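User: I'm new to this structure and would love a close look at a single part of it. Could you pick one loop residue and walk me through what surrounds it, step by step?

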Amino acid sequence: MNTFVRRAALGCVLGAAVLMACGTPEAPRATAPGSAAPPSRPPTLAPGPGGLTPVFRRAGRAHGKVVALTFDADMTAGQGARAAAGERFDNPRLIRTLRRLEVPATVFMTGRWAEEYPRQARAIGRDPLFEVANHSYSHHAFTEDCYGLPRLPVARMRADVERAFAAFRRAGVARPMPYFRFPGGCYDRRALRALGATGVTAVQWDVVSGDAFATDARAVVAEVLGGVRPGSVVVMHCTRSAAPVTERALRTIVPELRERGYRFVKVSELI
Ligand SMILES: [Zn+2]
């Protein structure tokens with residue numbers, strides 16, 4: 001897809017997502033210190049009315065000058081032949097750069113990606129610098145119209161999310177986080193209802209990096225630096241073929257945000 005169209009479309013997703021905001025993103029579940037919940041249980045938001053999956057977009061200013069970089073590891077269920085032909089949906093250099101710069105990050109992985117790159121999935125999942133979260137198994141659409149992605153029937157939505165968790169376990173990701181990012185960021189009430197029983201918190205974003213199909217790292221840098229404010233969630237990609245300049249952009253973004261006093265955190269620290 002044409003870069004401009006894709007980036008404009010991502011902006012539309014963000015706009016639509018704001019309009020469809022659901023749940024109480026800035027009111028975490030009341031888990032008082034010393035409560036019965038085991039300390040290792042990752043924080044989630046309370047479900048919305050009727051058990052709707054809650055949606056988190058960014059943290060309040062009370063969290064201070066922190067920012068969460070999130071990376072979608074995209075591969076759809078139909079892209080196996082392209083991977084076999086040599087297309088790379090992974091981005092090991094990006095992961096190396098995050099490690100070298102000591103940047104904590106949350107990786108929203110599709111189950112299909114974990115099947116294609118099990119060693120990388122396991123290494124990311126076992127590195128305390130990172131956390132692995134769910135980006136569906138198939139990367140199919142959870143709404144009628146989502147960038148032309150194949151549509152997932154409502155009756156199969158929950159199974160698709162659970163299939164991704166199963167793929168993570170098979171790859172050796174010990175403790176994937178109960179966070180879910182909708183493919184394309186597209187969701188509606190039916191999708192939120194369909195996933196209610198999975199117990200996940202949906203995680204959107206407030207800063208679109210524009211790295212999907214970008215060819216100019218400087219443009220990505222400008223989008224991120226212009227958009228980040230305290231508590232922001234930035235969406236980027238860990239998929240070389242579809243986001244080839246992300247790693248280069250990070251080499252500027254990370255020191256510049258640190259210079260401005262920001263600390264990088266994982267999504268679990270913001271929720
Ligand atoms: Zn995606």
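Analyst: Let's start at D211, which sits in the loop between β7 (207-208) and α8. Please keep in mind that this is a predicted model. Is D211 buried or exposed? Counting around it gives 30 other C-beta atoms within 10 Å, and 20 or more are enough for a residue to be called buried, so D211 is buried.

Which residues make up that surrounding? Setting aside neighbours within four places in sequence, D211 is in contact with V220, M236, H237, A243, V245, T246 and A249. One of these, T246, deserves a second look: T246 and D211 are 35 residues apart in sequence, yet their C-alpha atoms are 6.0 Å apart in space. Contacts across the sequence can be followed through the whole protein as well: among contacts between residues at least 6 apart in sequence, 81% join residues at least 24 apart.

Three of the partners of D211 lead us on to a pair of helices. V220, T246 and A249 touch D211, and these residues also take part in the contact of helix α8 with helix α9, V220 from α8 and the other two from α9. Helix α8 covers residues 217-227 and helix α9 covers residues 246-259. How do they pack? In general, two packed helices are described by the angle between their axes and the distance between the axes. Here the angle is about 40 degrees and the axes are 8 Å apart. An angle under 35 degrees would count as roughly parallel; at about 40 degrees, α8 is therefore oblique to α9. The crossing of α8 past α9 is right-handed.

The residues that meet are A217, V220, V221, V224 and L225 on the α8 side, and T246, R248, A249, T252, I253 and E256 on the α9 side. Sorted by class, this contact holds 7 nonpolar, 2 polar and 2 charged residues.

Helix α9 has another partner, and T246 belongs to that contact too. The partner is helix α3 (residues 92-100), which packs with α9 at an angle of about 15 degrees, the axes being 9 Å apart. That angle makes α3 roughly parallel to α9. The crossing of α3 and α9 is left-handed, whereas α8 passes α9 in a right-handed crossing. From α3 come R93, L94 and T97, and from α9 come T246, E247, L250 and R251. By class, there are 2 nonpolar, 2 polar and 3 charged residues in the contact of α3 with α9. T246 thus appears three times in our tour: touching D211, in the contact with α8 and in the contact with α3.

Following α3 onward brings us to E102, in the loop between α3 and β3 (105-109). Its phi is near 55 degrees, a positive value in a residue other than glycine. In general, most residues other than glycine have a negative phi. Unlike the buried D211, E102 is exposed, because it has 9 other C-beta atoms within 10 Å.

Two more loop residues help put D211 in context. R181, in the loop between β5 (179-180) and α7, is buried, with 24 other C-beta atoms within 10 Å. Beyond residues up to four places away in sequence, R181 touches D72, F108, A133, H135 and V203. R181 and T201 are 20 residues apart along the chain, and their C-alpha atoms are separated by 8.6 Å. G199, in the loop between α7 (189-194) and β6 (201-203), is exposed, with 11 other C-beta atoms within 10 Å. Leaving out neighbours within four places in sequence, the contacts of G199 are T44 and P178.

To place all this in the whole protein: there are 10 helices and 9 strands, and of the 271 residues, 45% count as buried. How far can you trust the model? The average pLDDT is 88, and 86% of the residues score at least 70. Over residues 1-38, however, the pLDDT is below 50, although this stretch has 46 contacts in the model beyond near neighbours in sequence.

Terms used. Residues numbered from 1 in each chain as written. Predicted model: local features only at pLDDT ≥ 70, side-chain atom pairs only at ≥ 80, totals over all residues. Axes fitted to C-alpha atoms, helices over the stretch in contact; angles between N-to-C directions. Helix = DSSP H or I, 4+ residues; strand = E, 2+ residues; numbered from the N terminus. Parallel < 35°, antiparallel > 145°, perpendicular 65-115°, else oblique. Left-handed = near helix turned anticlockwise from the far one by under 90°. Contact = placed C-beta atoms within 7 Å. Nonpolar A, V, L, I, M, F, W, Y, C, P; charged D, E, K, R; others polar. pLDDT = per-residue confidence, 0-100. Buried ≥ 20, exposed ≤ 12 C-beta atoms within 10 Å, placed from the backbone.
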